[in-house]
Amino acid sequence: MRKKLLPAMIALLGGTSGLVVADTTTTAVCDQGINNMPWQLMECVNAYGVKKHLQMFQTIADANGGTRASGTSGFNQSVDYVVNLMSSAGYDVKVQPFAFTAFEKLGESTMVQLAPDSKQYQEDTDFKVMTHSEPGNVSSPVTPVDIHLGPNNNSTSGCEKEDFDNFPAGTIALIQRGACTFGSKAENAAAAGAVGVIIFNQGNTEDRKGLMSGTLGSDYSGGIPVMFATYDVGESLVHTRTPQLQMFANVKRIATETYNVIAESKGGNPNNVVMLGSHLDSVDDGPGINDNGSGSAGILEIALQMQYLMPKNKLRFAWWGAEESGLVGSTHYVQNLSEEEKDKIALYLNFDMIGSPNYFNGIYDGDGSSFGLEGPPGSDVIEHTFERFFSLFGQPYRGTEISFRSDYAEFFNEGIAFGGLFTGAEGIKTEEEAKRFGGEAGKAYDHCYHQACDDITNINDRALDINADAAAFTTLIFAFSTKSLENTTIQPPLRANTMRRTVPAKKIEPERWGNDWLK
């Protein structure tokens, strides 16, 4: 079937541009690793090969407390596995260390109302310790800060230092969600002398009343414990006369070091780099086989199957550390590139979860047609290239939102064209999606997202095979030519070797890192 699509593939390439498209058999000699024909590469990049790496990630996690989170031995052994394979395959490999703050829950945390009457709040029902809270056990009166209750409120509670004028030092700040980041609110409270912070949900709409997972960010520097509570808990405290609380955050934060792995092809134009990336770390609670062993194993297998390729453009593969701590590794990498180095990156392809058990085939919405936000110039062309692949092979697809929850975020903010694939996380599959993609409507795309059950059994082989092929095919196209990026409909036009990238006037700040809300 793949051989019969040769004319369409050539048309997609806009000419061969050095890509071998001779009419030969599709029988691949995969161990030779040349694979410079699209159908040959797709025969060699398959779910079986990708799952060999996933099984190794599972074995590593099993030997290291069930996790591959950054800062742990499980992550370090995952780095070693990738480095050894890529070095043996002849790539130029660098391990980039960077500092980050690891966060860990040590056990049960508590929040208790001491006065005017006694009340025990339930963890994971009424409150949660915010990710990157400092540990602490404090008992103190509660002071509300610029609260606006009721529907349709426009809370900016705690966002301005002036909100804390006359704040009594030594008390617990009660702050409402809204407008700015949780980290900013907590740091403003700490600067005013608060000994702890309760941030409660905004309550302006029904979906902003319950409990949620929030993060202060890995750069939080307030030095005091912070908890998130439901709107009902916050409203009750506001209406309670002189409440006193005891809050115990049973967590720890550790300043440590972790790593990115960067591997380049020896050949190819160093002034026109085609870059692929996936985050290698898991969350603390599990082995992270779909999130994001699937993307990491996928680009690893693509790289190994392309090891003897002689591309026109430089290929660069990245395995990011500390994505689950706030995109720390990829952000560090991009921010430490010179302007000249950034200009050499023609495009970045991101693969974060490509084997979700109740999957859809999601392509980042580079042209903004599905969600209204365009990527940097050239991102539309990348999206359309992926779309052409799925269309050629009769596979359904849909756009997926540019939400800044994965490692493309800093590339976007530097005006570098990007694209990629995503098969779903905690979102719920619709009836229409179930008809198009199969699977179960009303169920999460990945019911084990950020949980211990995200193990080797949490992979849909069909999704993994389709999306690994799409990634391989698109990588091969751009390995030989990025000229199609000049045909972007997003203005101003993207540079291709000679034109500089267009840096946005204002960086877009995300609302979430992974499963945790930032604001």
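**Reading disulfides and a sheet**

Modeller: A search of this whole predicted structure finds two disulfides.

Biologist: What is a disulfide?

Modeller: A disulfide is a covalent bond between the sulfur atoms of two cysteines. Here, Cys-159 and Cys-180 form one, with their sulfur atoms 2.1 Å apart. A disulfide also joins Cys-448 to Cys-453, S to S 2.1 Å.

Biologist: Where in the chain do Cys-159 and Cys-180 lie?

Modeller: Cys-159 is in the loop between β5 and β6, and Cys-180 is in the loop between β6 and α5. The pair is 21 residues apart and links distant parts of the chain.

Biologist: Why is the disulfide of Cys-448 and Cys-453 called left-handed?

Modeller: The torsion about its S-S bond is about -115 degrees, so this disulfide is left-handed. The link of Cys-159 and Cys-180 is left-handed too, with -100 degrees about the S-S bond.

Biologist: Is Cys-453 buried or partly exposed?

Modeller: Buried means under 20% relative accessible area. Cys-453 has 29% relative accessibility, so it counts as partly exposed. Its partner Cys-448 is buried, at 4%. In the other disulfide, Cys-159 is buried at 17% and Cys-180 is buried at 16%.

Biologist: Now the sheet. What is the order of its eight strands?

Modeller: The order is β1-β10-β12-β11-β13-β16-β14-β15, in an open sheet with mixed pairing. The edge strands, β1 and β15, each pair on one side only. On average, neighbouring strands of this sheet are turned by 25 degrees against each other, direction ignored.

Biologist: Which strands does helix α4 touch?

Modeller: Helix α4, residues 73-88, packs on the sheet and touches β1, β10 and β12. Helix α7, residues 289-305, also packs on the sheet, touching β11, β12 and β13.

Note on methods. Residues are numbered from 1 along each chain as its sequence is written. This is a predicted model: local features need pLDDT of at least 70, side-chain atom pairs count only at pLDDT 80 or more; totals for chains, interfaces and linings use all residues. Side-chain values use heavy atoms; hydrogens and water are left out. Two strands pair if DSSP finds at least two bridges between them. Helices (H or I, at least four residues) and strands (E, at least two) are DSSP runs, numbered from the N terminus. Axes are lines fitted to C-alpha atoms, for helices over the stretch in contact, and angles run from 0 to 180 degrees between N-to-C directions. Contact means heavy atoms within 4.5 Å. A disulfide is a pair of cysteine sulfur atoms within 2.5 Å. Buried means under 20% relative accessible area, exposed over 50%, partly exposed in between (1.4 Å probe, protein chains only).
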